[in-house]
Amino acid sequence: MDEDFLGEPFLCGYDVLKIPVIENGVPVWKEKFPIEKIEKLKKSVGMKKFSSQMMLTPVDISDGRFDVSKLLFYSDELLRVEQNQLLNFTIGSHKIVSVSCWWDPSYGSVNGDGSVVSVVFIDEEGKYYLHDVKYLYHSDGEEVQSAHEQCVQVGEFIKRNNIPLIYVESNGIGKFLPEFLKSELLKMGIQCSVVAKTSKVSKAIRILDAFDVIVSAGYLFVNEKVRQTPFIAEFTDWNVDSSIHDDGLDSVAGAILAEPVKMPLTVRNRFVFPRRTLTGMYRVKTDFKI
(Lines give C-alpha, C1' and ligand atoms only; values in the text may rest on other atoms or scores of the structure.)
Protein backbone atom coordinates (compact mmCIF):
# COMPACT_ATOMS: atom_id res chain seq x y z
CA MET A 1 0.00 0.00 0.00
CA ASP A 2 1.21 3.56 -0.82
CA GLU A 3 3.01 5.11 2.18
CA ASP A 4 1.63 8.56 1.25
CA PHE A 5 -1.86 7.12 1.58
CA LEU A 6 -1.09 5.67 5.00
CA GLY A 7 0.36 8.94 6.28
CA GLU A 8 2.61 9.28 9.29
CA PRO A 9 2.36 6.92 12.24
CA PHE A 10 0.09 8.00 15.08
CA LEU A 11 1.82 10.54 17.40
CA CYS A 12 4.87 10.56 15.15
CA GLY A 13 7.41 13.11 16.40
CA TYR A 14 6.05 13.24 19.96
CA ASP A 15 8.12 12.35 23.01
CA VAL A 16 6.82 9.46 25.08
CA LEU A 17 6.94 9.59 28.86
CA LYS A 18 7.02 6.20 30.57
CA ILE A 19 7.13 5.91 34.36
CA PRO A 20 6.96 2.29 35.55
CA VAL A 21 5.84 1.66 39.10
CA ILE A 22 9.40 0.53 40.00
CA GLU A 23 12.66 2.04 38.74
CA ASN A 24 16.03 0.56 39.74
CA GLY A 25 14.27 -1.55 42.33
CA VAL A 26 12.68 1.46 44.07
CA PRO A 27 8.95 2.37 43.97
CA VAL A 28 8.52 5.69 42.12
CA TRP A 29 5.35 6.56 44.03
CA LYS A 30 5.96 4.96 47.39
CA GLU A 31 3.18 6.93 49.12
CA LYS A 32 0.57 5.30 46.85
CA PHE A 33 2.42 2.10 45.91
CA PRO A 34 4.86 0.99 48.63
CA ILE A 35 6.85 -2.14 47.90
CA GLU A 36 4.51 -4.28 50.03
CA LYS A 37 1.49 -3.21 47.99
CA ILE A 38 3.37 -3.79 44.74
CA GLU A 39 4.24 -7.34 45.76
CA LYS A 40 0.58 -8.04 46.57
CA LEU A 41 -0.37 -6.56 43.21
CA LYS A 42 1.98 -8.96 41.42
CA LYS A 43 0.27 -11.90 43.09
CA SER A 44 -3.23 -10.63 42.41
CA VAL A 45 -2.86 -9.92 38.68
CA GLY A 46 0.01 -12.17 37.61
CA MET A 47 3.38 -11.25 36.16
CA LYS A 48 2.22 -10.77 32.57
CA LYS A 49 -0.42 -8.17 33.39
CA PHE A 50 1.83 -6.58 35.99
CA SER A 51 4.65 -6.22 33.45
CA SER A 52 2.44 -4.72 30.75
CA GLN A 53 0.28 -2.45 32.90
CA MET A 54 2.49 -1.46 35.84
CA MET A 55 5.99 -1.76 34.35
CA LEU A 56 4.93 -0.57 30.86
CA THR A 57 6.80 -3.45 29.26
CA PRO A 58 5.18 -4.97 26.13
CA VAL A 59 4.24 -8.61 26.64
CA ASP A 60 3.76 -11.11 23.82
CA ILE A 61 0.87 -13.41 24.70
CA SER A 62 2.40 -16.14 22.50
CA ASP A 63 5.20 -16.43 25.08
CA GLY A 64 2.72 -17.75 27.62
CA ARG A 65 3.98 -20.89 29.35
CA PHE A 66 3.54 -22.33 32.81
CA ASP A 67 6.21 -23.42 35.28
CA VAL A 68 5.26 -26.90 36.46
CA SER A 69 7.77 -26.60 39.35
CA LYS A 70 5.45 -24.06 40.95
CA LEU A 71 2.63 -26.58 41.34
CA LEU A 72 2.27 -27.69 44.96
CA PHE A 73 1.25 -31.33 45.35
CA TYR A 74 -0.65 -32.89 48.25
CA SER A 75 -2.04 -36.35 49.00
CA ASP A 76 -4.75 -35.56 51.58
CA GLU A 77 -8.34 -36.43 50.76
CA LEU A 78 -11.32 -34.19 51.36
CA LEU A 79 -12.49 -34.92 54.91
CA ARG A 80 -16.14 -34.39 55.77
CA VAL A 81 -16.95 -34.23 59.50
CA GLU A 82 -20.49 -34.07 60.91
CA GLN A 83 -21.02 -32.66 64.39
CA ASN A 84 -24.36 -31.60 65.85
CA GLN A 85 -25.92 -31.53 62.37
CA LEU A 86 -23.16 -29.18 61.18
CA LEU A 87 -20.67 -30.00 58.43
CA ASN A 88 -16.99 -29.19 58.33
CA PHE A 89 -14.78 -29.90 55.30
CA THR A 90 -10.99 -30.00 55.43
CA ILE A 91 -8.04 -30.96 53.25
CA GLY A 92 -5.18 -31.67 55.60
CA SER A 93 -5.20 -28.83 58.15
CA HIS A 94 -6.95 -26.41 55.77
CA LYS A 95 -10.63 -25.63 56.16
CA ILE A 96 -12.48 -25.78 52.85
CA VAL A 97 -15.17 -23.12 52.43
CA SER A 98 -16.17 -23.29 48.76
CA VAL A 99 -15.99 -25.42 45.64
CA SER A 100 -16.20 -25.04 41.87
CA CYS A 101 -16.85 -27.90 39.46
CA TRP A 102 -16.77 -27.62 35.66
CA TRP A 103 -17.64 -30.10 32.91
CA ASP A 104 -16.40 -29.39 29.39
CA PRO A 105 -18.23 -32.07 27.33
CA SER A 106 -17.40 -33.55 23.95
CA TYR A 107 -18.44 -36.48 21.76
CA GLY A 108 -15.43 -36.45 19.47
CA SER A 109 -12.81 -39.13 19.09
CA VAL A 110 -9.77 -39.45 21.33
CA ASN A 111 -7.81 -37.59 18.67
CA GLY A 112 -10.27 -34.69 18.84
CA ASP A 113 -11.55 -32.63 21.75
CA GLY A 114 -11.87 -34.53 25.01
CA SER A 115 -14.66 -34.53 27.55
CA VAL A 116 -13.33 -33.58 30.99
CA VAL A 117 -14.86 -32.79 34.39
CA SER A 118 -12.81 -31.23 37.19
CA VAL A 119 -13.28 -29.90 40.70
CA VAL A 120 -11.40 -27.20 42.60
CA PHE A 121 -11.81 -26.52 46.32
CA ILE A 122 -10.94 -23.17 47.94
CA ASP A 123 -9.83 -22.71 51.55
CA GLU A 124 -10.20 -19.79 53.98
CA GLU A 125 -7.03 -18.13 52.68
CA GLY A 126 -8.14 -18.20 49.05
CA LYS A 127 -5.84 -21.07 48.05
CA TYR A 128 -7.01 -23.44 45.31
CA TYR A 129 -6.93 -27.23 45.52
CA LEU A 130 -7.26 -29.08 42.22
CA HIS A 131 -8.62 -32.20 43.84
CA ASP A 132 -9.91 -34.38 41.02
CA VAL A 133 -9.94 -34.48 37.21
CA LYS A 134 -11.83 -37.08 35.18
CA TYR A 135 -11.29 -37.70 31.46
CA LEU A 136 -14.45 -39.38 30.17
CA TYR A 137 -13.20 -42.06 27.79
CA HIS A 138 -14.13 -45.68 27.27
CA SER A 139 -12.04 -48.07 29.32
CA ASP A 140 -10.31 -49.15 26.09
CA GLY A 141 -9.50 -45.51 25.32
CA GLU A 142 -10.77 -45.77 21.75
CA GLU A 143 -13.58 -43.22 21.79
CA VAL A 144 -15.52 -40.87 24.00
CA GLN A 145 -18.55 -42.34 25.70
CA SER A 146 -22.19 -41.63 24.88
CA ALA A 147 -24.08 -38.84 26.63
CA HIS A 148 -25.72 -41.32 29.01
CA GLU A 149 -22.43 -43.02 29.90
CA GLN A 150 -20.72 -39.68 30.46
CA CYS A 151 -23.52 -38.37 32.68
CA VAL A 152 -23.32 -41.52 34.83
CA GLN A 153 -19.58 -41.00 35.31
CA VAL A 154 -20.11 -37.31 36.06
CA GLY A 155 -22.69 -38.33 38.66
CA GLU A 156 -20.18 -40.67 40.32
CA PHE A 157 -17.60 -37.85 40.22
CA ILE A 158 -20.07 -35.48 41.92
CA LYS A 159 -20.90 -38.03 44.60
CA ARG A 160 -17.36 -38.90 45.64
CA ASN A 161 -16.33 -35.24 45.80
CA ASN A 162 -19.37 -33.91 47.73
CA ILE A 163 -20.17 -31.37 45.01
CA PRO A 164 -23.33 -29.28 45.56
CA LEU A 165 -23.30 -27.59 42.11
CA ILE A 166 -21.74 -28.28 38.72
CA TYR A 167 -21.28 -25.96 35.75
CA VAL A 168 -21.71 -27.51 32.29
CA GLU A 169 -20.21 -25.68 29.32
CA SER A 170 -23.12 -25.46 26.91
CA ASN A 171 -21.30 -24.27 23.77
CA GLY A 172 -22.07 -26.37 20.69
CA ILE A 173 -23.06 -29.94 21.49
CA GLY A 174 -23.36 -29.20 25.20
CA LYS A 175 -26.64 -27.27 24.84
CA PHE A 176 -28.93 -30.14 25.80
CA LEU A 177 -26.59 -31.80 28.31
CA PRO A 178 -27.52 -29.77 31.44
CA GLU A 179 -31.12 -31.00 31.36
CA PHE A 180 -29.99 -34.53 30.47
CA LEU A 181 -27.54 -34.52 33.38
CA LYS A 182 -30.24 -33.31 35.77
CA SER A 183 -32.39 -36.27 34.72
CA GLU A 184 -29.55 -38.75 35.21
CA LEU A 185 -28.64 -37.33 38.63
CA LEU A 186 -32.27 -37.70 39.71
CA LYS A 187 -32.22 -41.36 38.63
CA MET A 188 -29.00 -41.87 40.59
CA GLY A 189 -30.48 -40.21 43.69
CA ILE A 190 -27.86 -37.44 43.71
CA GLN A 191 -28.79 -33.95 44.85
CA CYS A 192 -26.68 -31.46 42.92
CA SER A 193 -27.60 -28.29 41.06
CA VAL A 194 -26.69 -28.12 37.36
CA VAL A 195 -25.97 -24.75 35.74
CA ALA A 196 -25.36 -24.21 32.02
CA LYS A 197 -22.51 -21.84 31.16
CA THR A 198 -21.43 -20.40 27.81
CA SER A 199 -17.78 -19.45 27.35
CA LYS A 200 -17.36 -16.22 25.37
CA VAL A 201 -13.58 -15.83 25.80
CA SER A 202 -11.07 -17.69 23.62
CA LYS A 203 -9.64 -20.86 25.13
CA ALA A 204 -6.05 -19.53 25.23
CA ILE A 205 -7.03 -16.33 27.07
CA ARG A 206 -9.23 -18.30 29.47
CA ILE A 207 -6.38 -20.68 30.35
CA LEU A 208 -3.90 -17.82 30.82
CA ASP A 209 -6.29 -15.83 33.00
CA ALA A 210 -7.03 -18.85 35.17
CA PHE A 211 -3.53 -20.16 35.81
CA ASP A 212 -1.15 -17.21 35.48
CA VAL A 213 -2.09 -15.51 38.75
CA ILE A 214 -2.56 -18.41 41.15
CA VAL A 215 0.41 -20.41 39.85
CA SER A 216 2.83 -17.49 40.09
CA ALA A 217 1.47 -16.70 43.57
CA GLY A 218 1.96 -20.29 44.76
CA TYR A 219 -1.77 -20.66 45.37
CA LEU A 220 -2.48 -23.75 43.26
CA PHE A 221 -2.28 -27.12 45.01
CA VAL A 222 -2.74 -30.33 43.03
CA ASN A 223 -3.76 -33.70 44.42
CA GLU A 224 -1.34 -36.54 43.73
CA LYS A 225 -4.01 -38.57 41.93
CA VAL A 226 -4.18 -35.88 39.26
CA ARG A 227 -0.65 -36.99 38.27
CA GLN A 228 -2.26 -40.14 36.87
CA THR A 229 -4.22 -38.09 34.33
CA PRO A 230 -3.00 -36.23 31.20
CA PHE A 231 -3.39 -32.89 33.03
CA ILE A 232 0.26 -32.52 34.15
CA ALA A 233 1.56 -33.20 30.62
CA GLU A 234 -0.90 -30.64 29.24
CA PHE A 235 0.21 -28.10 31.82
CA THR A 236 3.91 -28.71 31.10
CA ASP A 237 3.71 -28.58 27.30
CA TRP A 238 1.10 -25.86 26.85
CA ASN A 239 1.67 -22.49 25.22
CA VAL A 240 -0.67 -20.14 23.39
CA ASP A 241 0.36 -21.31 19.93
CA SER A 242 0.64 -25.02 20.68
CA SER A 243 -1.61 -27.59 19.06
CA ILE A 244 -1.43 -30.11 21.92
CA HIS A 245 -4.55 -31.41 23.64
CA ASP A 246 -5.54 -28.97 26.38
CA ASP A 247 -9.01 -30.25 27.30
CA GLY A 248 -8.05 -30.88 30.92
CA LEU A 249 -6.47 -27.43 31.19
CA ASP A 250 -9.61 -25.88 29.73
CA SER A 251 -11.88 -27.73 32.17
CA VAL A 252 -9.78 -26.75 35.19
CA ALA A 253 -9.58 -23.16 33.93
CA GLY A 254 -13.37 -23.12 33.78
CA ALA A 255 -13.57 -24.33 37.38
CA ILE A 256 -11.04 -21.73 38.58
CA LEU A 257 -12.75 -18.83 36.81
CA ALA A 258 -16.34 -19.84 37.62
CA GLU A 259 -18.08 -18.41 40.66
CA PRO A 260 -17.47 -20.88 43.52
CA VAL A 261 -20.32 -22.03 45.74
CA LYS A 262 -20.16 -22.44 49.50
CA MET A 263 -19.79 -25.91 50.90
CA PRO A 264 -22.91 -27.17 52.72
CA LEU A 265 -22.96 -25.98 56.33
CA THR A 266 -25.60 -28.34 57.67
CA VAL A 267 -26.34 -32.02 57.23
CA ARG A 268 -28.73 -32.76 54.40
CA ASN A 269 -30.01 -36.08 53.10
CA ARG A 270 -27.68 -35.86 50.13
CA PHE A 271 -26.99 -38.74 47.76
CA VAL A 272 -30.19 -40.57 48.69
CA PHE A 273 -33.19 -41.28 46.54
CA PRO A 274 -35.72 -38.45 46.75
CA ARG A 275 -38.90 -39.03 48.67
CA ARG A 276 -41.81 -40.20 46.57
CA THR A 277 -45.06 -38.27 46.80
CA LEU A 278 -48.01 -40.62 47.38
CA THR A 279 -51.28 -39.72 45.71
CA GLY A 280 -54.74 -41.32 45.75
CA MET A 281 -56.86 -42.79 48.55
CA TYR A 282 -55.74 -45.58 50.88
CA ARG A 283 -57.70 -47.68 53.39
CA VAL A 284 -55.86 -48.09 56.70
CA LYS A 285 -56.81 -50.60 59.41
CA THR A 286 -56.36 -49.41 63.00
CA ASP A 287 -57.41 -50.57 66.44
CA PHE A 288 -58.46 -47.08 67.46
CA LYS A 289 -62.13 -46.83 68.57
CA ILE A 290 -64.27 -43.93 69.78
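**Figure 1. Helix α4 and its surroundings in the predicted model.** Helix α4 covers residues 147-160, and its 14 residues should span 20 Å at 1.5 Å a residue; the end C-alpha atoms are 20 Å apart, which agrees with that expectation. The buried residues of α4 are Ala147, Gln150, Cys151, Gln153, Val154, Gly155, Phe157 and Ile158. The elements covering these buried residues include the strands β6 (94-104), β7 (116-123), β8 (128-135) and β9 (165-169), together with helix α5 (177-188). After α4 comes Asn162, which has a positive phi, near 55°.

**Figure 2. Two salt bridges within helix α5.** Side chains of opposite charge can pair when their charged atoms come close. In the pair formed by Glu179 and Lys182, the closest N and O atoms are 3.1 Å apart. Glu179 and Lys182 lie three residues apart in α5, so about one helical turn separates them. Glu179 counts as exposed because its relative accessibility is 52%, over the 50% cut-off. Lys182 has a relative accessible area of 37% and is therefore partly exposed.

The other pair joins Lys187 to Glu184, with an N to O distance of 3.5 Å. Here too the two residues are three apart in α5, which means a separation of about one helical turn. An α-helix has 3.6 residues a turn, so residues three or four places apart point the same way. Lys187 is exposed, at 57% relative accessibility, whereas Glu184 is buried, with a relative accessible area of 3%. The value for Glu184 is under the 20% limit, so Glu184 counts as buried although its side chain takes part in a salt bridge.

**Figure 3. The salt bridge between Arg80 and Glu82.** The side chains of Glu82 and Arg80 meet at 3.3 Å, N to O. Glu82 has a relative accessibility of 49% and counts as partly exposed. Arg80 is also partly exposed, at 28% relative accessibility. A search of the whole structure finds nine salt bridges, including this one.

**Figure 4. Lys197 in strand β10.** Strand β10 runs over residues 193-197 and contains Lys197. At 37% relative accessibility, Lys197 counts as partly exposed, because this value falls between the 20% and 50% cut-offs. Leaving aside neighbours within four places in sequence, Lys197 has contacts with Trp102, Tyr167, Val168, Glu169, Ser170 and Asn171. One of these partners, Ser170, is 27 residues away from Lys197 in sequence, but their C-alpha atoms are 5.6 Å apart in space.

**Figure 5. A nonpolar surface patch that includes Trp29.** Leu17, Ile19, Val28 and Trp29 make up this patch, which has an area of about 450 Å². Trp29 sits in the loop between β2 (26-27) and α2 (35-45). Its relative accessibility of 49% places Trp29 among the partly exposed residues, because the value is not over 50%.

**Figure 6. Residues 269-282 and the confidence of the prediction.** The protein chain has an average pLDDT of 80, and 72% of the residues score at least 70. Over residues 269-282, the pLDDT is below 50. In the model, this stretch has 19 contacts beyond near neighbours in sequence.

Definitions and conventions:
Residues are numbered from 1 along each chain as its sequence is written. Side-chain values use heavy atoms; hydrogens and water are left out. Helices (H or I, at least four residues) and strands (E, at least two) are DSSP runs, numbered from the N terminus. Buried means under 20% relative accessible area, exposed over 50%, partly exposed in between (1.4 Å probe, protein chains only). Contact means heavy atoms within 4.5 Å. The expected span of a helix is 1.5 Å times one less than its number of residues. pLDDT is the predictor's confidence in each residue, from 0 to 100. Patches are made of residues with over 30% relative accessible area and no salt bridge: like charges are joined within 9 Å, nonpolar side chains (Val, Leu, Ile, Met, Phe, Trp, Tyr) within 5 Å. Accessible areas come from the Shrake-Rupley method with a 1.4 Å probe; for residues, only the protein chains shown count as cover. A salt bridge is a side-chain nitrogen of Lys or Arg within 4 Å of a carboxyl oxygen of Asp or Glu.
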